[in-house]
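Subject: Structure for you, plus notes

Hi,

Here is the structure I promised to pass on. Have a look at it first, and then read my notes underneath.

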Amino acid sequence: MHSPTWGRDALAAGDSTAALSQLHPDLVIYEAGHAESLAEYRAGHLAADMEFAAAVETTVLEQGVIVRPDMALWVSESESKGEFRGQAIDSHGTETIVLLPTDAGWKILHVHWSSR
């Protein structure tokens, strides 16, 4: 299994095809008390994530992974610094990612983001 960095390189490069290729069709993302499906993410949030990833430096501070034959769990803490849409960014975040093995490799089924 490759490091599930949630496609940060693809997002920062503006490569939506590469970023979306890592996602399971049944994806659910939790962020700020809201849940969104793959279709909702593709239609809305994806563009902002690409813009943010290109503008703001994110450093993983700690990470861990548990891999089982039928799923993997990846957790991380990160720090993001930079400027986004005219506002200074200096935040600390946590991310939980659940991945499932598929015929096309590991795919992200669930993401939960939290930041302060």
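Below is what I found, going from the strands to the turns and then to the pocket.

First, a caveat: this is a predicted model, so please read everything here in that light.

**Strand pairing**

Strand E1 (residues 23-31) has two partners. It runs parallel to E6, with five bridges joining them, and antiparallel to strand E2 (residues 34-37), with four bridges. If you want landmarks to click on, glutamate 31 has tryptophan 113 as its bridge partner in E6, while tyrosine 30 stands opposite alanine 35 in E2.

Further along, E4 and E5 pair in the antiparallel sense over 13 bridges; glutamate 77 is matched there with threonine 94 of E5. E5 and E6 are antiparallel too, with 10 bridges, and threonine 102 has glycine 105 in E6 as its bridge partner.

**The turns**

Three hairpins came up. E1 and E2 form one with two residues between them, E4 and E5 form another with two residues between them, and E5 and E6 also form a hairpin with two residues in between.

Two of the turn residues have backbone angles you may want to check. Most residues other than glycine have a negative phi. Alanine 32, in the loop between E1 and E2, has a positive phi near 55°. Arginine 85, in the loop between E4 and E5, has a positive phi of about 50° although it is not a glycine.

Are these two buried or exposed? Alanine 32 has a relative accessible area of 78%, so it counts as exposed. Arginine 85 is exposed as well, because its relative accessible area is 57% and the cut-off is over 50%.

**Alanine 35 and histidine 110**

Alanine 35 lies in strand E2. Its relative accessibility is 39%, so it counts as partly exposed. Leaving out residues up to four places away in sequence, alanine 35 touches Val28, Ile29, Tyr30 and Glu40. Alanine 35 is also 9.2 Å from histidine 112, C-alpha to C-alpha, with their positions 77 residues apart in sequence.

Histidine 110 belongs to strand E6 (residues 105-115). Which residues does histidine 110 touch, not counting those up to four places away in sequence? They are Leu27, Val28, Tyr30, Thr96, Ile97 and Val98. With Val28 there is something more specific: a polar atom of the histidine 110 side chain lies 2.9 Å from the backbone oxygen of valine 28.

**The largest pocket**

This is probably the part you will open first. The largest pocket holds about 710 Å³ of space. It is lined by 28 residues, and the closest to its centre are Asp49, Phe52, Thr58, Ser80 and Trp113. The elements giving two or more residues to the lining are helix H1 (8-12), helix H3 (38-55), strand E3 (56-68), strand E4 (71-84), strand E5 (87-102) and E6. E5 provides the largest share, six residues.

What is the lining like by class? There are 11 nonpolar, 12 polar and five charged residues. Note that Trp113, one of the residues closest to the pocket centre, is also the bridge partner of glutamate 31, which may help you find your way from the strands to the pocket.

Have a look and tell me what you think.

Cheers

Key:
Residues are numbered from 1 along each chain as its sequence is written. This is a predicted model: local features need pLDDT of at least 70, side-chain atom pairs count only at pLDDT 80 or more; totals for chains, interfaces and linings use all residues. Side-chain values use heavy atoms; hydrogens and water are left out. A polar contact is a pair of N or O atoms within 3.5 Å; within protein, one must be able to donate a hydrogen and the other to accept it, and residues adjacent in sequence count only if both atoms are side-chain atoms. Contact means heavy atoms within 4.5 Å. Two strands pair if DSSP finds at least two bridges between them. On a 1 Å grid over the protein atoms alone, a cavity is a set of points where a 1.4 Å probe fits but cannot get out, and a pocket is an open set with protein on both sides within 12 Å along at least five of seven lines; lining residues have an atom within 4 Å of a point. Grid points are joined across faces, edges and corners, and a volume is the space filled by probe spheres set on the points. Ala, Val, Leu, Ile, Met, Phe, Trp, Tyr, Cys and Pro count as nonpolar, Asp, Glu, Lys and Arg as charged, and the others, Gly among them, as polar. Buried means under 20% relative accessible area, exposed over 50%, partly exposed in between (1.4 Å probe, protein chains only).
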